[in-house]
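Student: I would like to go through this model with you and ask, for each label, what it rests on.
Tutor: Gladly; let us have the model in front of us first.
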Amino acid sequence: MLLLVSGNWHALAKLETELKRLAETSNLSIHLKRTEPRTPRTDMLPYSIDVVCLDQSGIVSGCRFLRHARDRHRRSLDRSYPAAHTGAPMFAVQMIVNVRAASTWRILREEFMEFCDSLNLDAILEPVKS
């Protein structure tokens with residue numbers, strides 16, 4: 001499991017202490033690493049991707065073509081849940097993708113929408129508003 005946690009100094013120090021104690025008492029291997037804020041990249045533009053659809057295989061790996069096709073950094077949150085009235089298995093994913101500023105927006109959007117149409121996904125791809 002990978003976990004990224006943020007908070008004030010005191011809360012983080014307490015969490016680190018408790019995780020070390022948990023590792024010692026439960027035979028778990030826990031590796032802690034403090035991270036630094038990322039420096040802003042002027043050569044990248046953030047885009048938001050939201051997808052909702054019936055749960056099916058290949059959705060997340062298909063969306064990853066955006067990451068592999070060009071230089072990007074991706075953060076995502078995905079989940080499965082039952083539809084409200086029918087109980088049908090649903091899937092939702094939200095991503096922030098940093099796209100090279102020199103990339104052609106029209107081509108990126110066209111590729112993404114073709115992918116979504118091929119799997120019958122409801123999707124939105126738009127620039128992140130600061």
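What follows is a discussion of confidence and of one helix.

Student: How do you know that confidence varies along this chain?
Tutor: This is a predicted model, and its chain averages a pLDDT of 81, with 83% of the residues scoring at least 70. Among the elements, helix α1 (residues 9-26) has the highest mean pLDDT, 93, and helix α3 (residues 65-69) the lowest, 51. Over residues 68-72 the pLDDT is below 50, although this stretch has 15 contacts in the model beyond near neighbours in sequence. Where pLDDT is low, the predicted coordinates should not be read in detail.

Student: What is the pattern of helices and strands along the sequence?
Tutor: The chain has four helices and four strands, which follow one another as α-β-α-α-β-β-α-β.

Student: How do you know that the span of α4 is close to the expected one?
Tutor: Helix α4 (residues 105-119) has 15 residues, for which 21 Å is expected at 1.5 Å a residue, and the distance from its first C-alpha to its last is 22 Å.

Student: Which residues of α4 are called buried, and why are they said to line one face of the helix?
Tutor: Buried means under 20% relative accessible area, and the residues of α4 that qualify are Leu108, Phe112, Phe115 and Cys116. Seen down the axis of α4, these buried residues fall within an arc of 100 degrees, and therefore they line one face of the helix.

Student: What does the face of α4 turned away from its buried side carry?
Tutor: That face carries Arg106, Glu114, Asp117 and Ser118, which are exposed, a label that requires over 50% relative accessible area.

How values were computed: Residues numbered from 1 in each chain as written. Predicted model: local features only at pLDDT ≥ 70, side-chain atom pairs only at ≥ 80, totals over all residues. Heavy atoms only, no water. pLDDT = per-residue confidence, 0-100. Helix = DSSP H or I, 4+ residues; strand = E, 2+ residues; numbered from the N terminus. Contact = heavy atoms within 4.5 Å. Expected span 1.5 Å × (residues − 1). Buried < 20%, exposed > 50% of the residue type's maximum accessible area, 1.4 Å probe, protein only. Arc of directions from axis to C-beta.
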